Amino acid sequence: MASIKENIELILNELPEGVSLLAAAKTRTAREISEAIKAGITLIGENYLQDTTDTFYDVTEKAEWHFIGHLQRNKVKKAIDLFDMIESVDSFRLAKEIDKHCKTKNKIMPILIEVNSGEENQKTGALPGNLIDIIREISVLKHIKIMGLMTMGPRFGDPEDSRPYFKKTRELFDQVKALSLTNVEMKYLSMGMTNSYKIAIEEGSNVVRIGTKIFGEREMDDH
Ligand SMILES: *Cc1c(COP(=O)(O)O)cnc(C)c1O
């Protein structure tokens, strides 16, 4: 089996210029995360606050930590201490809570808005039809900076089936960008995972979030 280092080198070598690789680290140990950073990873993604507090302080190598999971409002206070970016904001209520806590700490949190591009009932993320309204609302908050969009998209065996959802998210990205709102700097389009990142890049992604192809199969997602 290839090592974390070899996996990362392989991916980094084939990524086009301007595309960043985020290591999706849910369920991974501090040692695995450290190994990834030493191999050239600069962005770590975490889905759960608890996992993060278990590993965060043991990882001494420097990286930017992004929250990519579903953030509950009662966990926001903790999250803003740990994370450099929250990629999964999907409502004004959540944004307002982040803004409130950032205000007391006198900081500005960069966020991405998560889009439920497949309009799936069980999934988090703003629906495409509501996205512009939500962004307009959030853009008045002074302690938040909207930096782009994130999407998961429906899961398919054949990654080609993901293409329309990436395409749609890219279109939304361009629409929001064209509005030139204050506090909104559309810079990052975070989409694509292990089985779909190549398609996502073709559709304009500039941040790919990869877990399995870096760290190997997850034993069990016990959440
Ligand atoms: C787990 C996860 C990924 C990475 O998934 P892989 O298929 O293991 O590459 C990316 N984004 C989010 C939000 C995730 O939860």
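**Ligand, pocket and cavity**

Q: How many residues surround the ligand, and what makes a residue count?
A: 13 residues surround the ligand, the closest being Lys26, Asn47, Thr194, Gly211 and Thr212. Each counts as near because one of its heavy atoms lies within 4 Å of the ligand. This is a predicted model, where local features need pLDDT of at least 70 and side-chain atom pairs pLDDT 80 or more, while totals for chains, interfaces and linings use all residues. Residues are numbered from 1 along each chain as its sequence is written, and side-chain values use heavy atoms, leaving out hydrogens and water.

Q: What makes the pair between Thr212 and the ligand a polar contact?
A: A polar side-chain atom of Thr212 lies 2.5 Å from a ligand oxygen. A polar contact is a pair of N or O atoms within 3.5 Å, so this pair qualifies. Arg218 also places a polar side-chain atom 3.0 Å from a ligand oxygen, and for Arg209 the partner is a ligand nitrogen, at 2.9 Å.

Q: How much of the ligand does the protein bury?
A: The protein buries 95% of the 380 Å² that the ligand exposes when taken alone. These accessible areas come from the Shrake-Rupley method with a 1.4 Å probe.

Q: Which pocket does the ligand take up, and what makes it a pocket?
A: The ligand takes up the largest pocket, whose volume is about 530 Å³. Of its 23 lining residues, the closest to the centre are Lys26, Asn47, Met152, Arg155 and Met193. It is called a pocket because it is an open set of points on a 1 Å grid, with protein on both sides within 12 Å along at least five of seven lines.

Q: How many cavities of 30 Å³ or more does the search find?
A: The search finds one, with about 70 Å³ of space. Its lining residues, which have an atom within 4 Å of a point, include Met152, Phe156 and Ser196. It is called a cavity because a 1.4 Å probe fits there but cannot get out.

Terms used
Polar contact = N/O pair within 3.5 Å; in protein donor to acceptor, adjacent residues only side chain to side chain. Sits in = over half its atoms within 2 Å of the grid points. Points joined across faces, edges and corners; volume = space filled by probe spheres on them.
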